[in-house]
Amino acid sequence: MMDKPKIEFPCRYPIKVIAAAEDGVATRVINIVRSYAPELTPDDISTRHSSGEKFLAVRITLTAEGEQQLRQLYAELMTDAAVRMVF
């Protein structure tokens, strides 16, 4: 049995959030992430609508400080009613 690879923190860590495409959702997602990673810059963030424009993908690369930070961030992102997935 192999152990899953360990992440060495701090590190650059990409996350992707899929949310219903509603007004303000990208700003809400970015504000939540920024509360955990205040150093975010516009270059760290990209957004893209799905082909039918029902969903919005928000990709953010942040500096992760540890597993607890990431677990809390994922949990808080999932509290937004528009958010469907975080990975």
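Val86 lies in strand β4, which spans residues 83-86 of this predicted model. With a relative accessible area of 15%, Val86 falls under the 20% cut-off and is therefore counted as buried. Setting aside the neighbours within four places in sequence, the residues in contact with Val86 are Lys16, Val17, Tyr74, Leu77 and Met78. A link between distant parts of the chain also appears here: the C-alpha atoms of Val86 and Ile18 are 6.4 Å apart, although 68 residues separate the two along the chain.

Leu77, one of the contacts of Val86, also takes part in the packing of two helices. Helix α1 (residues 25-36) packs against helix α2 (residues 67-78) at an angle of about 160°, and their axes are 10 Å apart. Because this angle is over 145 degrees, α1 is described as roughly antiparallel to α2. The crossing of α1 past α2 is right-handed. On the α1 side, the contact is made by Val29, Ile32, Val33 and Tyr36, while α2 supplies Gln69, Gln72, Leu73, Glu76 and Leu77. Sorted by class, this contact comprises six nonpolar residues, two polar residues and one charged residue.

Turning to the strands, β2 (residues 45-49) and β3 (residues 55-64) pair in the antiparallel sense, joined over five bridges. Within this pairing, Thr47 stands opposite Val58 of β3. The two strands, β2 and β3, form a hairpin with five residues between them. In the turn of this hairpin, Glu53 has a positive phi of about 60°.

Notes:
Residues are numbered from 1 along each chain as its sequence is written. This is a predicted model: local features need pLDDT of at least 70, side-chain atom pairs count only at pLDDT 80 or more; totals for chains, interfaces and linings use all residues. Side-chain values use heavy atoms; hydrogens and water are left out. Axes are lines fitted to C-alpha atoms, for helices over the stretch in contact, and angles run from 0 to 180 degrees between N-to-C directions. Helices (H or I, at least four residues) and strands (E, at least two) are DSSP runs, numbered from the N terminus. Angles under 35 degrees count as roughly parallel, over 145 as roughly antiparallel, 65 to 115 as roughly perpendicular and the rest as oblique. A crossing is left-handed if the near helix is turned anticlockwise from the far one by less than a right angle, and right-handed if clockwise. Contact means heavy atoms within 4.5 Å. Ala, Val, Leu, Ile, Met, Phe, Trp, Tyr, Cys and Pro count as nonpolar, Asp, Glu, Lys and Arg as charged, and the others, Gly among them, as polar. Two strands pair if DSSP finds at least two bridges between them. Buried means under 20% relative accessible area, exposed over 50%, partly exposed in between (1.4 Å probe, protein chains only).
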